[in-house]
Amino acid sequence: MVSTALTAANLARRIHSNAIVSVAVPVAVGLAVGYLSNTTIKTWYKDLKKPKFNPPNWIFPPMWTTLYAMMGYSSHLVYRSLAVHPVAVPLALGAYWVQFALNLAWSPIFFRLNNIPLASIEIGGVVAAVAFTTRQFFKVDTNAGLMMLPYLGWVSFASYLTWSIWYLNPDNGDKMKKAKRFD
């Protein structure tokens, strides 16, 4: 167990100590998960009822790329303060990885499992985790905290969007899935 923790700590140190790697990891992983999860955009998702404020599909990849890059760089800024904040930095970076894992889980739940209720609940956890992480980042480095605010805003908007889609599709899109099974 200790060797696993040490390995995770070493990996985190290698990621966060380098600004380019700090940005590249969340961008690459986030885009990969998004690409692998979003296979139903042209089928199941297209047929869902969506609120009028739903952005066009093309906006999501550049928005997430930008937010992942900002989030990654902000984690690098926090890591650079390790000597000054030896207790706060590990807490902030631990929160960072928790919120990132929760963020990554949303796309497969929504797009692969087509489970709108679970995605709606899960994204509430994402918002809470991002808010907590942002607060921890502010405690360590003001600029890192500021760089997390657009991400917190976008995730809050995404949660409202997810909840609105659930409200507009109380059957969770099940009728569409059943109809496609018989084609």
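## A tour from the second largest pocket to helix α7

In this predicted model, begin by selecting Ala9, Ala12, Arg13, His16, Tyr79, Leu82, Val89, Pro90, Leu93, Gly94 and Trp97, the residues that line the second largest pocket. Two or more of these lining residues come from each of α1 (2-16) and α5, and α5 gives the most, with 5 residues. The space in this second largest pocket is about 160 Å³, and its lining divides by class into 8 nonpolar, 2 polar and 1 charged residues.

Next, turn to the largest pocket, whose volume is about 600 Å³. Of the 26 residues that line the largest pocket, select Asn38, Phe60, Trp64, Ser107 and Phe111, which lie nearest its centre. The largest share of this lining again belongs to α5, with 6 residues, while the lining as a whole has 19 nonpolar, 7 polar and no charged residues.

Keep Trp64 selected and add Val78, Phe110, Phe137 and Tyr151, since these five are the residues with the most contacts inside the largest nonpolar core, a set of 38 residues. At least two residues of this core are supplied by each of α3 (41-45), α4 (60-79), α5 (88-112), α6 (116-140) and α7.

From the core, centre the view on Tyr151, which, leaving aside neighbours within four places in sequence, is in contact with Trp64, Leu67, Met71, Gln99, Asn103 and Val130.

Finally, select Ser164, which is placed in helix α7 (residues 142-168). Is Ser164 buried or exposed? Its relative accessible area is 12%, which is under the 20% cut-off, so Ser164 is buried. Beyond its neighbours within four places in sequence, Ser164 is in contact with Pro51 and Phe53.

How values were computed: Residues are numbered from 1 along each chain as its sequence is written. This is a predicted model: local features need pLDDT of at least 70, side-chain atom pairs count only at pLDDT 80 or more; totals for chains, interfaces and linings use all residues. Side-chain values use heavy atoms; hydrogens and water are left out. Helices (H or I, at least four residues) and strands (E, at least two) are DSSP runs, numbered from the N terminus. Buried means under 20% relative accessible area, exposed over 50%, partly exposed in between (1.4 Å probe, protein chains only). Contact means heavy atoms within 4.5 Å. A nonpolar core is a set of buried Ala, Val, Leu, Ile, Met, Phe, Trp, Tyr and Cys residues joined through side-chain atoms within 4.5 Å. On a 1 Å grid over the protein atoms alone, a cavity is a set of points where a 1.4 Å probe fits but cannot get out, and a pocket is an open set with protein on both sides within 12 Å along at least five of seven lines; lining residues have an atom within 4 Å of a point. Grid points are joined across faces, edges and corners, and a volume is the space filled by probe spheres set on the points. Ala, Val, Leu, Ile, Met, Phe, Trp, Tyr, Cys and Pro count as nonpolar, Asp, Glu, Lys and Arg as charged, and the others, Gly among them, as polar.
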